[in-house]
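Here are some questions and answers on a protein and the DNA beside it, to be read with the sequence and the structure in view.

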Amino acid sequence: MDLSDISINEAKEIQSRLSQKLVIGGKPDKINNVAGVDVAYINKENIALCVVVIFSYPALELLSVNYNHDTVTYPYIPGLLYLREGPIILKAFENIKIQPDIVIFDGHGIAHPRRFGLASHIGLNLNLPAIGCAKSFLYGSYEEPAKKKGSSSTLYDEYNKPAGVVLRSRENVKPVFISPGHLVGIDESVEIVMNCLARYRIPEPLRFADIEVNRYKKKLLMNF
DNA sequence: GCGACAG
DNA sequence: ATCTTGTCGC
């Protein structure tokens, strides 16, 4: 059975079931590098592009960049991002040369309706520590964090249990939503993301992955 | 039934 | 995510 044949209800059941296997808490003993993953699309050609970058940690020097693309097989459905982005991301991880100590994803971890967002799904699948760093809200309740950089507020699930943190990654900008995906805790996720911040809203690994995936996209577009 | 809704 | 020009601000 292909991923593209999975029904929405099946996918949701799988998420709820696999969510039980997640290990949330702590952090890797030693973090020497941090990976960032971003995906872009060429809708007209039905192509998904994925870039995985790896930075040294905490120095944040670029260690490697990996480019991949393939045809997309699933539409975007809120809460089921994995079905659309999972295949190209997993393919990308087959090609990277350096073993990442932890990975930051453009999306949520356990701050998700079934506690199993993209970062959790990929993290569990690859048995890698994973953090979700989303640019917008998906699930939970929270108070607006203060305007100052580093201010944060807890994201709670429907049982009032913490699922993540809303973090002001820069002065006076829209906050980002941080939640652990797998093999890391909430506070540790925030700590690591904070250490990956330079002078922008988005942590460096994700920001650079975004820049590179769009450059890659432009390059591919010239061949059409 | 009516909104909300990662990328 | 993507479609799109100029424009306000640090």
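Q: Which of the 17 residues around DNA strand B come nearest?

A: The model is a predicted one, and in it the surroundings of DNA strand B comprise 17 residues. Of the atoms of DNA strand B that come within 4 Å of the protein, sugar and phosphate account for 51%. The residues that come nearest are Tyr 76, Leu 118, Lys 135, Ser 136 and Phe 137.

Q: What part of DNA strand B lies 3.0 Å from a backbone N or O atom of His 108?

A: Two other residues have polar atoms facing the phosphates: a polar side-chain atom of Tyr 76 is 2.3 Å from a phosphate oxygen of DNA strand B, and a polar backbone atom of Lys 135 is 2.8 Å from a phosphate oxygen of that strand. For His 108, the partner at 3.0 Å from its backbone N or O atom is a base nitrogen.

Q: How many residues of the surface near DNA strand B are nonpolar?

A: This surface also holds 6 polar residues and 3 charged ones. The nonpolar residues number 8.

Q: In which sense do β1 and β4 pair, parallel or antiparallel?

A: Both strands belong to an open sheet of 8 strands with mixed pairing, in the order β3-β2-β1-β4-β5-β8-β7-β6, whose edge strands are β3 (62-71) and β6 (152-156). Between β1 (residues 33-42) and β4 (residues 103-105) there are 3 bridges, and Val 37 has Phe 105 of β4 as its bridge partner. The sense of this pairing is parallel.

Q: Which strands does helix α3 touch?

A: Helix α3 (residues 118-126) packs on the sheet, and its direction makes about 25° with that of β8 (176-182). The strands touched by helix α3 are β4, β5 and β8.

Terms used
Residues numbered from 1 in each chain as written. Chains lettered and ligands numbered in written order. Predicted model: local features only at pLDDT ≥ 70, side-chain atom pairs only at ≥ 80, totals over all residues. Heavy atoms only, no water. Pairing = 2+ DSSP bridges. Helix = DSSP H or I, 4+ residues; strand = E, 2+ residues; numbered from the N terminus. Contact = heavy atoms within 4.5 Å. Axes fitted to C-alpha atoms, helices over the stretch in contact; angles between N-to-C directions. Near = heavy atom within 4 Å. Polar contact = N/O pair within 3.5 Å; in protein donor to acceptor, adjacent residues only side chain to side chain. Nonpolar A, V, L, I, M, F, W, Y, C, P; charged D, E, K, R; others polar.
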